[in-house]
Amino acid sequence: DDSSGAETPFLEEDGIDGCVDYKGRPVERTNCGGWKSASFIIGVEIGERFAYCGIDSNLVTYLTGPLGQSTATAAVNVNAWSGTAALLPLLGAFIADSFLGRYRTIVGASLIYILGLSLLTLSAALPSLNTYGCQKADTSILCLSPELQVMIFFFSLYLVAFGQGGHKPCVQAFGADQFNAQDPEEFKAKSSFFNWWYFGLCSGTLISFLVLNYIQDNLSWVLGFGIPCIIIVVALIVFLCGTTTYRYSVKRYEKSPFLRIGQVFVLAVRNWRTSSVAAQKEAHGTLPSASSKQYEFLNKALLAPDGSKEHGKVCCIEEVEEAKAVLRLVPIWATCLVYAVVLAQSSTFFTKQGATVDRSITASVKIPAASLQSFISLTIVLSIPIYDCIFVPLARTWTRKSAGITMLQRIGTGMFLSSVSMILAALVEMKRLKTIQEYGLVDKPEVTVPMSVWWLVPQYVVIGLSEMLTMVGLQEFFYDQVPNELRSIGLALYLSIFGVGSFLSGFLISAIDKATGGNGGESWFPNNLNKAHIYSFYWLLAALSALELALYLYFAKKYIYK
């Protein structure tokens, strides 16, 4: 139960089914929820993304700079942390959907987030605080045991990951809960919510890239880590201010949704010897025809092992349908993994690539390498209003669909663009290496390559368009296509795509680094990027993306919507 009041198993007819207010009373559309409540929640997400991206986007610079790690090691560490941070929402969503509810989980996770960011700030400040004679921030790493600094840093970093693991899936699901899918107008508003949610998310990210990355690179890492901590505190206060306006979901069943769905699979396996014909007869006329023909083995959960139907020993039709809905997500989830690997490059190799070229805007102003990612956020911030206000209404008149195009069509279009971005990145990298050879800079990695940073902008812009389509599409898809009580888990599954993708990216980089750098060979990813073969890695990802898209289209065509 998400409400902070008493349980309300039955709702009045004029209330919204499955929702109560903060006191546990039935709610009407005009009293609670809608865009008023969603605006508080979008505001919280702007703050959370500002804080998270302030750490994530420039992490590779901190690891290779103050902590002195190699490029390959830092890339693997960034991918490992990003992967863990993207998988932890599964734990946070499980706690929310099974025990605490989304509201309480968000509050608890925010407190963990604040603790992690406080310790992260402390880890950067410790040398100047505890060491006598340390007067300059840029020499402080010499004044403290590097091992101690690394230990505190990574502990606090993973604490931040735990905090966002509870925060991320619940805030978005809680925001979407403020719209009633049974009402035609609110149904359209809910689809629009996912667009404007991502608009807010990218606005926070963009501000973070432009402000925090500059502070971290030019002023102070202590300040660069401390500001996100303050912002999360403000975000929590904003969230609490909206408490009286929210709609809170009510559990329809006493049994946990995980137990219900798990029981379907257990009974289906237990009854595997039972005639499938018998299961089909049991399902005939009760299950939707298209659904009953898909994953027929789960229909066996409708039968008791001995042929009887004793209470509690068989599953009901609705439980079987819930299990099928979850199972149908697996092929879509799996065919999005390479897309996640492609996205992981924007915060690692794209950044290292950008650090080598001429980033000067004027004689005295230089763009921080990590801030190049702001072109992704800027593209999304500019394209979402066009998509939601112009494209969707036009497409709606043509297709008669409330969202203009289907969620799977939107996801697939973005995946195609991600493959295009890798091709662009490979071509630009080849141009960069050619420039290096022309100017004889192969063995001079410290010298800025005489090539404008604007050459890198197209790959960032195409990635941004890809994200606007695929990421928003995946969020809406995994929220909409899971059982109502598993919506936090649905969004956690969406986030886990990028967690597994980050790990796969780290694994690929490590494997290629060992394979190409072994026996005295030249690694694709040496510390001297002037000798690197990153373009070969980009071509590999472009090929894998094309293969993945073909598989995705096959499964998307067969997908049956909930």
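**Helix α3, an aromatic pair and the internal cavities**

In this predicted model, helix α3 (residues 71-87; helices being DSSP runs of H or I of at least four residues, numbered from the N terminus) has 17 residues and reaches 24 Å from its first C-alpha to its last, close to the 24 Å expected at 1.5 Å a residue, the expected span being 1.5 Å times one less than the number of residues. Its buried residues (under 20% relative accessible area with a 1.4 Å probe, protein chains only; exposed is over 50% and partly exposed in between) include W81, N79 and G83. Residues are numbered from 1 along each chain as its sequence is written, and side-chain values use heavy atoms, with hydrogens and water left out. Local features need pLDDT of at least 70 and side-chain atom pairs count only at pLDDT 80 or more, whereas totals for chains, interfaces and linings use all residues.

Rings of Phe, Tyr and Trp (its six-membered ring) pair if their centres lie within 6.5 Å, with planes under 30 degrees apart counted as stacked, over 60 as edge-to-face and the rest as tilted; the count by this rule is 38 aromatic pairs. The centres of W35 and F193 lie 6.5 Å apart with their planes at 50°, so this pair is tilted. Because W35 belongs to helix α1 (residues 34-56) and F193 to helix α7 (residues 184-218), the pair ties together parts that are 158 residues apart in sequence. W35 is partly exposed, at 38% relative accessible area, whereas F193, at 0%, is buried.

Terms used
Helices (H or I, at least four residues) and strands (E, at least two) are DSSP runs, numbered from the N terminus.
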